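Here are a few short exercises to work through with the model open beside you. Try each task before reading its solution.

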Amino acid sequence: MAAGGSYSIVEYFGGDDGYRCGYCKHENGNLSHGMWSHNMTVQDYQDLIDRGWRRSGKYVYKPIMNKTCCPQYTIRCHALNFHPSKTHKKTLKRVNKFLSKGEMPVEKQDEEHEGEPMDSVHEEGIRPPPQVSLNIDHSEVQDVTASPDTDTTNSTPPTTPREDAAPAPAEKTSNVMPKPGKGADPSRPPCRKAKDIRKERRLQKDQQMQQEAVSSSPNPTPSKSSSSNQPKSLEEFITESLPNDPLHRLEVRLVPVSFEEPDFMASYEQSAALYARYQMTVHGDAPHECSKSQFKRFLCDSPLEAETAPDGPDVGYGSFHQQYWLDGRIVAVGVLDILPSCVSSVYLYYHPDFSSLSLGTYSALREIAFTRQLQQQSPKLAYYYLGFYVHSCPKMRYKGQYRPSDLLCPETYSWVPIERCIPRLDVSVYSRLNENAQAGDARALKDLGRVLVLHRRTVMPYAAYARKRKGSNDEKEVEQYASLVGQTCAERILLYRA
């Protein structure tokens, strides 16, 4: 139960039928379990994605990893230890060059990174049932859980962490001071290379720009390098080379996804139109496949409750649209979930005219910087989740380039460094990533009777419900659901029973 007194409420639908895969295009090879989430607390969803679940609108699904044609591994990046690669730096420089001088790259860069299949129902082939409104008033829900010792407040993270979760060292840099010059007059200072002089001037300029940078909640706050020998931070690369009066003005706004939020409603029409244009141009959707109703269902309707916490970020938890405004119009939108331990990327759509700027890569880097900013306010919020890593689909392997990163073991639900996973996935598309044969699921189902259900607006443990139940036996279905969400979530989330 959330701090505000509300429960997560779901309907489970199993996952016996196969559907068309959005990655390999197999007609019925995509297999997943699914449930409709009428309501979801941010802690429950955090725990679910740490067990391989992912949402598309209000539909939450979990690939059947050992059966589906293209296994999808949850991937997370250690935001605090992230250092941009050469490709990432080039993308940031390309965007900054466009903002500064208006120079647009002729050819599209990193094209394979921009054409990612949408992590949504209509792309993945997942078939959620029509939404059924339960119209549940939480004030009317009665809690008759019979066991006083039932712990329904456990919200601790998984007990089997990544083995090397300690902060990783920065990229190797040379701390050896240059040898002094050997000129005719050794009393004079050594000669300095022009490259070093330019580097020092650039650093001074960056520091000046950082003080004058536009302040906006999702905009990065550069962390200055304590020494010129240390590599530049991500934030420094984002603001590098931007003059005080650039030709184009880019503003990043974080807007809560709520139809009661004025900023969200003020930009809703423009955002929906941009989504439709993106889907039709980049993914080849027909107009009816990216209508306003589809946009609302997949990228605006969210089961997550907006929550705040004393130790949470200032913006709170929940679902957000991170909008990129260029000269007064929206050119890209990143759909994000801010959760207790991470920022989870849901989707990105952008104006096709700016595809050569590699906005998929650029937005991911901005979101990592945003995660680092939130971590300063909420220390446990330290990860950036990129959705699913699909090794069997070459176009999806780019997610592994945001390092250091981990993949979620599909059997133990522990995190494994991606460097150790790649060799195993090269051999088999499905793999138990945890190398410890003795390791198991720390939150495996142990007591089916303690699973919480919602029946006739009454909350009760499954053991009590089973005694009252009329009709067919649903024990196998409930057991399957509870084993997939784990004992901890099963004792907090309400499974709807008609």
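## Exercise 1: a covered strand

Strand S1 (residues 9–12) is covered on both faces: Ile 9 and Glu 11 on one side, and Val 10 and Tyr 12 on the other, are all buried. Buried means under 20% relative accessible area, with exposed over 50% and partly exposed in between (1.4 Å probe, protein chains only). Before going on, note that this is a predicted model, where local features need pLDDT of at least 70, side-chain atom pairs count only at pLDDT 80 or more, and totals for chains, interfaces and linings use all residues. Residues are numbered from 1 along each chain as its sequence is written, and side-chain values use heavy atoms, with hydrogens and water left out.

Task: find the bridge partners of Val 10 in S16 and in S2.

Solution:
1. Strands (E, at least two residues) and helices (H or I, at least four) are DSSP runs, numbered from the N terminus. Two strands pair if DSSP finds at least two bridges between them.
2. S1 pairs in the parallel sense with strand S16 (residues 494–497) over 2 bridges; there, Leu 495 is the partner of Val 10.
3. S1 also runs antiparallel to strand S2 (residues 32–39), joined by 4 bridges. In S2, Val 10 is matched with Ser 37.

## Exercise 2: two helices crossing

Task: work out how H8 is oriented relative to H9, and which residues meet.

Solution:
1. The axes of helix H8 (residues 268–282) and helix H9 (residues 292–300) come within 10 Å and cross at roughly 95 degrees. Axes are lines fitted to C-alpha atoms, for helices over the stretch in contact, and angles run from 0 to 180 degrees between N-to-C directions.
2. H8 is therefore roughly perpendicular to H9, a label for angles of 65 to 115 degrees.
3. Contact means heavy atoms within 4.5 Å. From H8, Tyr 268, Glu 269, Ser 271, Ala 272 and Tyr 275 meet Lys 292, Phe 295, Lys 296, Leu 299 and Cys 300 of H9.

## Exercise 3: an open sheet

Task: which strands are the edge strands of the sheet?

Solution:
1. Write out the order: 8 strands form an open, mixed sheet, S7-S8-S9-S10-S11-S5-S12-S13.
2. Look for strands that pair on one side only: these are S7 (250–256) and S13 (415–417).
3. Inside the order, S5 (residues 73–78) runs antiparallel to S11 (residues 383–389), with 5 bridges between them. There, His 78 stands opposite Tyr 383.

Conventions: Angles under 35 degrees count as roughly parallel, over 145 as roughly antiparallel, 65 to 115 as roughly perpendicular and the rest as oblique.
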